[in-house]
Each structure stands twice: as C-alpha cells, then as structure tokens.
There are 2 protein chains.
Amino acid sequence: MLKRETLIVSEADIAAIIASLGIDQLMDDTIAALQSAFFEFGNGAIEIRQRTGFVYDDPEPGLVEFMPSMRTRQSVAMKVVGYHPGNPVNRQLPTILATNSLYDTTNGHLRALVDGTFATALRTGAASAVASRILATPESRVLGIIGSGAQAVTQAHALSRCFAFTHVLVHDINRDHAESFAARTPFLRVPDGIVPKAEVFARSDILVLATSNSVGAPPVLVQGVHQPHLHINAVGSDIPGKTELSPTILRTAFVAPDYRVQALVEGECQQLSPDMIGPELHELVKVPERFRDEQRRFTVFDSTGNPLEDLVVTETLVKHAERLGIGRRIVIEAGAYDPLDPYRFDDVAAKARAG
Amino acid sequence: MLKRETLIVSEADIAAIIASLGIDQLMDDTIAALQSAFFEFGNGAIEIRQRTGFVYDDPEPGLVEFMPSMRTRQSVAMKVVGYHPGNPVNRQLPTILATNSLYDTTNGHLRALVDGTFATALRTGAASAVASRILATPESRVLGIIGSGAQAVTQAHALSRCFAFTHVLVHDINRDHAESFAARTPFLRVPDGIVPKAEVFARSDILVLATSNSVGAPPVLVQGVHQPHLHINAVGSDIPGKTELSPTILRTAFVAPDYRVQALVEGECQQLSPDMIGPELHELVKVPERFRDEQRRFTVFDSTGNPLEDLVVTETLVKHAERLGIGRRIVIEAGAYDPLDPYRFDDVAAKARAG
C-alpha cells in the first residue's frame with residue numbers, strides 16, 4: 001500500500017472477511033489477540049486514555065464518545081462511538097454506530113478506517129470470553145441472557161467458543177427481541193428458553209447483562225437467588241447513572257472491571273467504593289491461576305469498554321482485510337507536494353484530473 | 001445524500017473547492033464563520049473538550065492528539081492530528097497530518113471525513129485574523145514572520161485579508177524556507193525582506209511566530225526592542241515545554257489565549273501564572289470595543305488551537321463540498337438490516353455484489 005493511502009473497511013468489507021474466514025475463526029482470533037493485549041498491557045507496549053465525549057438529551061437521548069489507545073511504535077487507534085437507543089425503532093439504525101481509525105505513529109498518517117459497529121460487538125463479546133475463561137467455572141452449562149439485542153449476539157457467540165453450553169435462557173422486556181434471539185444465534189446449537197428474569201438469574205452458570213436500561217432507572221437485577229458460582233458479564237452499564245446490578249448484589253460478588261477509573265464513573269463500579277473493587281482484567285490475565293478459586297464463587301466482570309479492545313479488534317480486522325485484499329484504498333490526506341505550502345494544490349489537482 | 005453515506009473530502013477535493021471558490025473567498029468565509037462561532041461560544045451552542053493524545057520520542061519525536069467539539073443538536077467534530085517535525089525532511093510529508101470528522105448527533109452517523117492538514121492551516125490562520133482584528137492596530141503596515149513554514153503561509157494570507165500591509169519581513173533559521181516564502185505567498189503582493197530575527201521583532205506591527213522550536217529549547221524571542229503597539233500571534237507553542245516567547249517579553253504584554261486551560265499546559269501561557277493571563281478569544285469577540293485600547297499596546301494572541309476552530313473549518317469545507325457536488329460518497333458503517341443482529345451480513349454482501 002502506498003504510504004498516502006487509507007484503507008477503508010466498510011460493513012460490506014467485513015461481510016466479505018467473514019465470508020472468507022468464518023465468524024468462528026474471526027471470533028477466536030479476536031479473543032486470542034485480546035487476551036495477549038491484556039497480558040502485555042502495563043509494560044509500555046500499549047497505552048490507553050480515558051474516554052471523553054458529549055452526552056445530550058436533545059433531540060433524543062444519546063452520546064458520542066472517543067476512545068483512544070496506542071500500540072507503542074506502531075499505531076494510535078481512535079474509536080468514535082455513538083450510542084443512540086432510539087436508532088433501531090426510529091431510524092432502522094443500530095443503537096451503537098462507530099468508526100475505528102488507525103494512525104501511524106511514524107508520521108500521523110491515517111492507515112485505516114473501519115466500520116466500528118460490528119467491531120464493537122465483536123470485541124465486547126471477546127472481552128467477556130477472556131474474563132469468563134478466568135472467572136467462570138469451566139463446567140458452565142447454562143448461559144443466561146438478559147437484554148437480547150445486538151450485543152447479546154456476540155456475547156453468546158464469544159462465550160460459546162469457550163464453554164460447552166447445554167441451555168440458553170433468555171429474557172428481554174421486549175418480547176420480540178427475546179423471541180428472535182434463537183434465530184440470531186444459530187451457532188449456539190442448543191435449546192433456548194424465554195423465561196422470567198428471576199429464573200435466568202437463578203439458573204445461569206454464566207449470565208450476560210446487555211440491556212439498554214435508562215439512566216436513573218432502577219437496576220435490572222435488584223435481588224434474587226443465584227448459583228454460588230455464577231459469573232456475570234455486566235456489559236450494559238457504561239454511562240453515569242446507568243446500572244444493571246443493585247449494590248446489594250454487587251457487594252456479595254468479586255468484581256473485576258475492564259478499566260477501573262472508567263468503571264468507577266460509568267460501570268457497575270460507580271455503585272461501589274474503590275476498596276470493594278477487585279483487580280482489573282489485565283491483572284487477571286497476567287496470573288489467571290491466582291484467581292482460580294473465584295471460579296467457585298460469585299463473580300462479576302464489569303465491562304465498560306477498554307480502548308485497548310478497540311485497538312485490538314481494529315488491528316485484527318485490518319490484518320485480515322490486507323491479507324485477503326479486501327477493502328478500498330483511497331487518498332484522503334494532504335500529500336505535501338511542497339510540505340511548506342498548504343496552497344500548493346497544482347500537482348494534486350493535476351493528478352486528480354489524470355485519474 | 002443518503003443517510004448512510006459518508007462524504008469524503010480529500011486533499012484533491014479541497015483543491016477542487018478552491019479552484020471553484022478561490023482561496024480568498026474560502027479564507028474570508030472561514031474567518032467569518034470562526035468569528036461567529038467564538039461569539040456564540042459559551043451560550044451552549046458549542047461545546048469543546050480539552051485535547052488529549054499520545055506523545056512519544058520513538059522512532060522519532062512526535063505526537064497524535066484528539067480535539068473534540070460539538071455544535072449542539074447538529075454535529076460532533078473530531079480532529080485527529082499528528083505532529084511529526086521529521087516528516088518534511090525524512091518522508092516528504094507535512095509536519096502536521098490530520099483528519100477531521102463530523103458525526104451526526106441524531107444518530108452517531110459519520111457524516112463526513114475531511115483532510116485536516118489544509119483545514120488546520122486554514123483555521124489557524126483564520127483564528128489569528130479574528131484575534132488581530134481586535135488587538136492589532138487597523139493601521140498595521142508591517143507584517144513580521146518568524147518561522148516561515150506551512151503555517152506561516154495561511155497566517156500571512158488570513159492577516160492580509162484584514163490588514164493593508166506594505167511590507168513583509170521574514171526570518172527562518174532555515175534560509176531556504178525564508179527564501180521560498182515570497183513564492184509561496186503571491187497573494188501578499190507586497191515586497192518581502194529576509195532580515196535578522198531582531199529586526200523582524202523591532203519593525204513589525206503584527207508578528208507571526210510559527211516555528212518548530214524544540215521542546216526544552218530556549219524561546220525563539222528572548223528580549224528585544226519592538227513597536228509599542230506590536231501584536232504577536234504566537235502560533236508555534238502547542239506542546240508542554242515548547243515556547244517561542246520568553247517570560248520577560250510575555251510579562252509586558254496583554255496576553256489573550258484561544259483556550260485558557262490548554263494554553264496553561266502547552267501554550268505561551270505555561271510560563272505565566274493564571275493572574276497574568278488576559279481574557280480568552282471568545283471573550284474578546286463578544287465585546288471587541290472593550291479591548292480597543294489594547295490596539296495601542298503590546299498584545300499577544302496565544303494560539304494553541306481551540307477545537308471549535310476545527311468544527312468550524314470542517315463545517316465550512318463540507319458546506320462548500322456539498323454545494324459544489326465535490327467529494328466522494330461511500331458507505332462505511334453498519335446499516336442494520338437487522339439492528340439486533342451484528343452478524344446479519346447477508347443483505348450487505350448481496351448489495352455489495354450487486355454493486
């Protein structure tokens with residue numbers, strides 16, 4: 001690729017990557033790459049910045065956030081992600097729309113721009129798999145899903161790559177969403193049942209919470225009976241004031257966040273004092289044997305979205321696109337026919353005319 | 001434009017906009033839009049976030065930064081900008097490479113992606129024009145340039161749209177850069193002279209500092225004689241430890257930053273205590289008559305780059321591209337054939353095959 005070209009990997013290009021590679025292989029690759037990035041995190045190889053953004057209520061509740069990360073001496077990754085819960089119903093668009101970019105740290109060049117909606121679902125699923133492999137019992141057979149929208153699909157997929165589920169229990173306040181879940185997860189190949197929330201909570205070995213619960217609304221799960229070894233992947237809580245688990249439940253669990261400072265602001269951890277919060281995911285990944293006993297206890301992975309996950313999934317998709325020759329290469333940035341003259345467009349215009 | 005399309009405005013597209021509109025008109029539009037945005041700033045119509053980023057020394061000194069802003073109920077703008085001073089000599093690329101994006105606050109959709117290198121030069125020039133119209137004497141005749149690289153070109157252009165210069169005095173530690181400046185600024189239509197730094201400082205009515213002075217190096221101007229009414233646009237200081245004016249000089253000036261909290265960290269203001277810093281540019285723009293007496297005094301505009309400038313210049317370029325039918329429209333993001341199913345690529349793939 002010429003230095004000045006930007007590789008665009010659109011949704012259609014991702015479809016082509018999946019058609020060639022298969023979703024199982026892509027998910028396995030992403031889980032492996034993510035686990036290795038969390039292992040490396042902290043030794044200077046990867047840096048992240050806390051996300052910032054804009055939250056608003058007008059014309060509809062929504063937000064646009066920025067999640068920066070860097071693989072040292074290689075790439076800076078930037079995800080810009082919108083969260084607009086009115087999208088599916090009002091606009092036939094996904095709740096989460098995102099674009100992920102990779103910038104070359106040698107020169108600042110935009111190497112690639114990738115559809116981030118699929119990437120976000122993929123990496124959020126993969127992160128739960130990385131956490132669950134450490135904190136859930138390997139004998140987990142019952143997968144629970146509360147909130148069965150788009151994120152639940154990749155959660156179930158990622159977890160199914162690591163556990164031999166025999167049953168999937170689904171609950172959603174939108175009955176249509178619960179009923180369509182089986183059709184959206186053919187890879188599970190196990191019977192699913194639509195059951196009340198309390199039953200999902202009671203019977204699950206691994207539980208995924210991926211709701212669009214409103215800011216300020218009561219938590220999705222307030223109290224209830226559950227398996228002593230239950231592991232929850234709490235995915236939905238990612239805005240200040242939005243929670244899925246009550247403090248009552250959380251206080252009885254071993255809680256591991258993906259990114260502590262962020263989880264304290266917008267994850268389930270916002271309901272906990274810092275001393276009640278366990279290690280971060282990267283600490284688990286570094287010495288998983290130290291946390292083996294937690295597999296028999298009640299554990300929560302507080303997943304708010306760590307920017308390094310966006311770095312990893314973007315690298316993974318770009319790697320496959322480049323290998324398979326998929327994606328479009330276009331020149332966007334200034335080429336500096338004369339680096340000292342921003343108005344030196346003659347050559348650019350001439351080249352553009354020449355095609 | 002279809003809701004799902006992203007408008008790409010490349011360097012070649014910007015060349016086409018300029019070929020149609022003329023650089024004078026584009027600069028005048030940008031200055032006017034910027035002045036009006038600074039006027040509105042603070043009433044909730046525009047929000048900005050302080051920039052964050054990654055700074056490194058390996059393989060070469062450089063940084064990649066993020067500058068977010070929002071026009072409420074319209075667009076979130078994100079500029080990702082790289083600063084790699086080795087680019088012109090080592091890679092035939094501009095020191096500043098950037099891409100600017102506009103996201104729709106209704107749904108998170110990436111509306112446009114614009115080459116940000118030209119946009120950065122354009123808006124930085126326009127910002128100095130906005131500040132100089134308030135703080136410099138309208139009778140300014142001598143424009144001084146210290147650091148005659150890419151940024152100096154748009155500085156000189158923007159200022160020439162607001163002042164009737166009769167002389168331009170140029171200094172650069174790189175003699176070639178000083179000598180090529182006249183050829184790069186034909187729009188000035190006044191004689192220029194390459195003179196020692198002290199002479200530029202002594203004779204200028206308006207002075208632009210736009211050097212690539214190194215972090216930790218002494219300021220470019222340490223002391224010296226200057227006109228009592230001198231107005232300086234200090235453009236180059238935008239990294240912690242990089243300064244162009246000594247504290248001795250700064251302490252005698254009325255100093256107005258573009259963005260106070262940022263200027264305290266990375267602008268000339270990092271050398272001043274907060275009580276020595278004057279109002280921000282948006283405060284000047286709201287009541288310019290209150291600062292008329294400053295036109296007879298020594299003033300400094302500490303320009304570190306306010307994210308609202310990136311919002312404005314991106315809006316301006318996109319507006320002209322849309323009006324003129326310039327730019328490429330491509331579909332990048334997920335379209336949510338089924339917003340609940342990230343793996344629902346069948347329709348996408350079919351559509352891609354159908355062209």
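Let's start at a small turn: in the hairpin formed by β6(B) and β7(B), with five residues between the strands, Gly108(B) takes a positive phi near 85°. Keep in mind that this is a predicted model, and let's walk outward from that turn.

**Around the hairpin**

The two strands joined by this hairpin pair in the antiparallel sense, with five bridges between β6(B) and strand β7 (residues 110-115) of chain B. One place to look is Leu102(B), which stands opposite Ala112(B) in β7(B). β6(B) also pairs with strand β5 (residues 75-83) of chain B, again in the antiparallel sense, here over nine bridges. In that pairing, Val80(B) stands opposite Thr99(B) of β6(B).

Is strand β6(B) enclosed or open? Strand β6 (residues 96-104) of chain B has eight of its nine residues buried, so the rest of the structure largely encloses it.

**A parallel set of strands**

Elsewhere in chain B the strands run in the parallel sense. Strand β8 (residues 142-146) of chain B pairs with β11(B) in this way over four bridges, and β11(B) pairs with strand β12 (residues 231-234) of chain B, also parallel and over four bridges. The table gathers the four pairings met so far.

| Strand pair | Sense | Bridges |
|---|---|---|
| β5(B) and β6(B) | antiparallel | nine bridges |
| β6(B) and β7(B) | antiparallel | five bridges |
| β8(B) and β11(B) | parallel | four bridges |
| β11(B) and β12(B) | parallel | four bridges |

You can find individual partners too: Ile145(B) has Val208(B) as its bridge partner in β11(B), while Ile206(B) has His231(B) as its bridge partner in β12(B).

Which way do the residues of β11(B) point? In strand β11 (residues 206-209) of chain B, Ile206(B) and Val208(B) point one way, Leu207(B) and Leu209(B) point the other way, and all are buried. This fits a general pattern: in a regular strand the side chains alternate between the two faces of the sheet.

**The nonpolar core**

Ile145(B) deserves a second look. Leaving aside neighbours within four places in sequence, Ile145(B) is in contact with Ala152(B), Ala156(B), Val168(B), Leu169(B), Val170(B), Phe181(B) and Val208(B). The largest nonpolar core has 218 residues, and those with the most contacts inside it are Val130(A), Ile145(A), Val130(B) and Ile145(B). In soluble globular proteins, nonpolar side chains tend to be buried together.

Two of the contacts of Ile145(B), Ala152(B) and Ala156(B), are among the buried residues of α5(B). Helix α5 (residues 150-160) of chain B is mostly covered, with eleven of its eleven residues buried. The buried residues also include Gln151(B), Thr154(B) and His157(B). Helix α5 (residues 150-160) of chain A is likewise mostly covered, with eleven of its eleven residues buried.

**A closer look at Val9(B)**

Val9(B) sits in strand β1 (residues 5-9) of chain B. Is Val9(B) buried or exposed? Val9(B) is buried, because 27 other C-beta atoms lie within 10 Å and a residue needs 20 or more to count as buried. Not counting residues up to four places away in sequence, Val9(B) touches Ile14(B), Ala112(B), Val114(B), Asp115(B), Leu317(B), Val318(B), Ala321(B) and Gly327(B). Ala112(B) is also the residue opposite Leu102(B) in the hairpin pairing.

**The whole chain**

Now step back to chain A, which has twelve helices and 15 strands. Its radius of gyration is 21 Å, close to the 20 Å that the globule rule gives for 355 residues, so chain A is as compact as a globular protein of that length. Along its principal axes, the C-alpha trace of chain A spans about 70 × 40 × 40 Å. Buried residues make up 59% of the 355 residues in chain A. Among contacts in chain A with a separation of 6 or more, 72% are between residues 24 or more positions apart.

**How the two chains meet**

How is chain A related to chain B? A turn of 180° with a shift of 0.0 Å along the axis lays chain A on chain B with an RMSD of 0.0 Å. That is the relation of a two-fold axis. The same surface serves both copies, as 100% of the contact residues of chain A recur in chain B. Phe66(A) is the residue of chain A that comes closest to the rotation axis, at 4.3 Å (C-alpha).

In all, 72 residues of chain A are in contact with 72 residues of chain B. Helix α1 (residues 11-21) of chain A gives the most to the side of chain A that touches chain B, with six residues. The residues of that side divide into 41 nonpolar, 21 polar and ten charged.

Key:
Residues are numbered from 1 along each chain as its sequence is written. Chains are lettered from A and ligands numbered from 1 in the order in which they are written. This is a predicted model: local features need pLDDT of at least 70, side-chain atom pairs count only at pLDDT 80 or more; totals for chains, interfaces and linings use all residues. Copies are superposed by least squares on the C-alpha atoms of residues with pLDDT of at least 70 in both. Two residues are in contact if their C-beta atoms, placed from the backbone, lie within 7 Å. Ala, Val, Leu, Ile, Met, Phe, Trp, Tyr, Cys and Pro count as nonpolar, Asp, Glu, Lys and Arg as charged, and the others, Gly among them, as polar. A nonpolar core is a set of buried Ala, Val, Leu, Ile, Met, Phe, Trp, Tyr and Cys residues joined through C-beta atoms within 7 Å. A residue is buried if 20 or more other C-beta atoms lie within 10 Å of its own, exposed if 12 or fewer, and partly exposed in between; C-beta atoms are placed from the backbone. Two strands pair if DSSP finds at least two bridges between them. The radius of gyration is taken over C-alpha atoms; the globule rule is 2.2 Å times the number of residues to the power 0.38.
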